[in-house]
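Here are a few exercises to work through with the model open beside you. Try each one before you read its solution.

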Amino acid sequence: MKIKHYIYIFLVAFPISTFAENSVQINSIIKARLSLCHDVASYKIHKNIAIENLKQEQVVLAKAAQSAKKYTLEPNSVLSFTQAMMDSCKQIQHADFNNPKTQSHKIIPITETRKKLAKLNQKLFTTLAHQLNTQAKLTGLNYPSFSRAFSELQLSNKQQQTLFKALKKIELDKDNKK
């Protein structure tokens with residue numbers, strides 16, 4: 001009888017729908033962020049800029065380190081995830097560079113796209129920090145639903161797995177809790 005009571009309390013206190021909603025929200029933010037890689041590719045194609053930009057990648061990683069500190073997330077896990085995001089974005093850009101349809105895609109100024117990326121990063125890190133502060137682990141995330149969310153983004157299964165594993169490793173910074 002006591003076990004049923006505890007299960008009831010757990011289900012009332014931590015509804016499964018909350019875990020699922022967090023998972024959908026996280027997937028949605030990541031998908032929105034990766035979708036902007038098409039705008040980056042279009043800009044680079046029309047401006048004849050190479051896909052890889054190591055200087056910009058260092059800027060992105062530095063901002064990710066700042067975000068980790070701001071949201072009390074473990075820095076190495078955030079940097080690994082950010083690197084996986086950048087690798088995913090490069091994979092999307094490579095596909096776009098080889099797609100004739102991308103040649104006619106509307107060109108959006110890179111500064112505008114970077115502002116959108118920054119807002120999505122902030123939203124993602126806020127969501128991750130909230131869930132980790134609430135539940136201590138990124139629960140509710142599963143690879144099949146994650147993979148389905150990105151099916152049309154031209155990411156290889158291997159890259160999706162890399163991104164998912166990096167996401168699942170994000171945790172709170174135990175040495176820097178607020």
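**Exercise 1.** What does the accessible surface of the chain come to, and what percentage of it belongs to carbon and sulfur atoms?

*Solution.* Keep in mind that this is a predicted model. The accessible surface adds up to about 10,700 Å². Carbon and sulfur atoms account for 58% of that. As for the inside, 42% of the chain's 178 residues count as buried.

**Exercise 2.** Work out whether the length of H4 fits its residue count, then find which side of H4 faces inward.

*Solution.* Start with the length. H4 has 17 residues, and at 1.5 Å a residue they should span 24 Å; the end C-alpha atoms are 24 Å apart, so the two agree.

Next, pick out the buried residues of H4: Glu57, Val60, Leu61, Ala64, Ser67 and Ala68. They cover an arc of only 115° around the axis, which puts them on the same side of H4. The spacing rule helps here: an α-helix has 3.6 residues a turn, so residues three or four places apart point the same way.

Now flip to the other side of H4, where Lys55, Gln58, Lys63, Gln66 and Lys69 are exposed. Finally, ask what sits over the buried residues: the cover includes H5 and H6.

**Exercise 3.** Find which helix supplies the largest share of the largest nonpolar core.

*Solution.* First, size up the core: it has 36 residues, and Ile30, Leu34, Leu73, Phe81, Leu167 and Ile170 have the most contacts inside it. Then go through the helices: H2, H4, H5, H6, H7 and H8 each supply at least two residues. The largest share, 7 residues, comes from H6.

How values were computed: Residues numbered from 1 in each chain as written. Predicted model: local features only at pLDDT ≥ 70, side-chain atom pairs only at ≥ 80, totals over all residues. Heavy atoms only, no water. Core = buried A, V, L, I, M, F, W, Y, C linked by side-chain atoms within 4.5 Å. Buried < 20%, exposed > 50% of the residue type's maximum accessible area, 1.4 Å probe, protein only. Helix = DSSP H or I, 4+ residues; strand = E, 2+ residues; numbered from the N terminus. Areas by Shrake-Rupley, 256 points an atom, 1.4 Å probe, with all protein chains shown as cover. Expected span 1.5 Å × (residues − 1). Arc of directions from axis to C-beta. Contact = heavy atoms within 4.5 Å.
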